[in-house]
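Biologist: Could you take me through one part of this protein in close-up, the nonpolar core? I'd like to know what it is built from and how it fits into the rest of the chain.

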Amino acid sequence: MTQRINVAQQVPQAYHHFLAVEKLLHESELPTTTLELIKLRASQINGCGYCVDMHSRDLKKAGESDERLWSVAAWRDATVYTPAERAALALAEEATRLADRAGVPDEVWEEAARHYSEKQLGLLIVALAMINAWNRIGVTARLTPGA
């Protein structure tokens, strides 16, 4: 599979603004591990190999265990995630699969709200919107994992 287009090269202004939002997210009060876990899970759901590879590598560089990386797709059955991380992963799945459901269920939102402040919830929503946008770029442009 070969890359179709380099979006960053063709539309650098948009890419620049996407990176500015990413910088804001990474400098925010949202735990970096949580941010990367939800990005990894959304990327798995969306089938973006490039983003799955990147966020797995980022988590590994941050010191995450292999067990935590390998079990993200089956996080409900895994015992290695905190209750807050589990709430964020549930929110990530629901926000990523909007077309499959009638929105984010109240119980998923309420569980996330038990673990995160209003500002952190806003940051989670922005992060999920961003990773879903990145995934659409990666899948459509056929970005190559590991590149």
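**A close look at the core**

Modeller: Let's start with one residue, L124. Skipping its neighbours within four places in sequence, L124 is in contact with L30, T34, I38, A88, L91 and Y116. Keep in mind that this is a predicted model.

Now zoom out a bit. L124 is one of the residues with the most contacts inside the largest nonpolar core, along with I38 and Y81. That core has 32 residues. Who supplies them? Helix 3 (32-46), helix 4 (49-61), helix 6 (83-96), helix 7 (106-115) and helix 8 (118-141) each put in at least two. Helix 8 gives the largest share, with eight residues. As a general point, nonpolar side chains tend to be buried together in soluble globular proteins.

So much for the core itself; here is the chain around it. You'll find eight helices and zero strands, so to speak an α-α-α-α-α-α-α-α run from the N terminus on. Of the 147 residues, 35% are buried. Look at contacts between residues at least 6 apart in sequence: 65% of them join residues at least 24 apart.

What about overall shape? The C-alpha trace spans about 40 × 30 × 30 Å along its principal axes. A compact globule of 147 residues would have a radius of gyration near 15 Å, and this chain has 15 Å, so the two agree.

Finally, the outside: the accessible surface comes to about 8,200 Å², and 56% of that belongs to carbon and sulfur atoms.

Methods. Residues numbered from 1 in each chain as written. Predicted model: local features only at pLDDT ≥ 70, side-chain atom pairs only at ≥ 80, totals over all residues. Heavy atoms only, no water. Core = buried A, V, L, I, M, F, W, Y, C linked by side-chain atoms within 4.5 Å. Buried < 20%, exposed > 50% of the residue type's maximum accessible area, 1.4 Å probe, protein only. Helix = DSSP H or I, 4+ residues; strand = E, 2+ residues; numbered from the N terminus. Contact = heavy atoms within 4.5 Å. Rg over C-alpha atoms; globule rule 2.2 N^0.38 Å. Areas by Shrake-Rupley, 256 points an atom, 1.4 Å probe, with all protein chains shown as cover.
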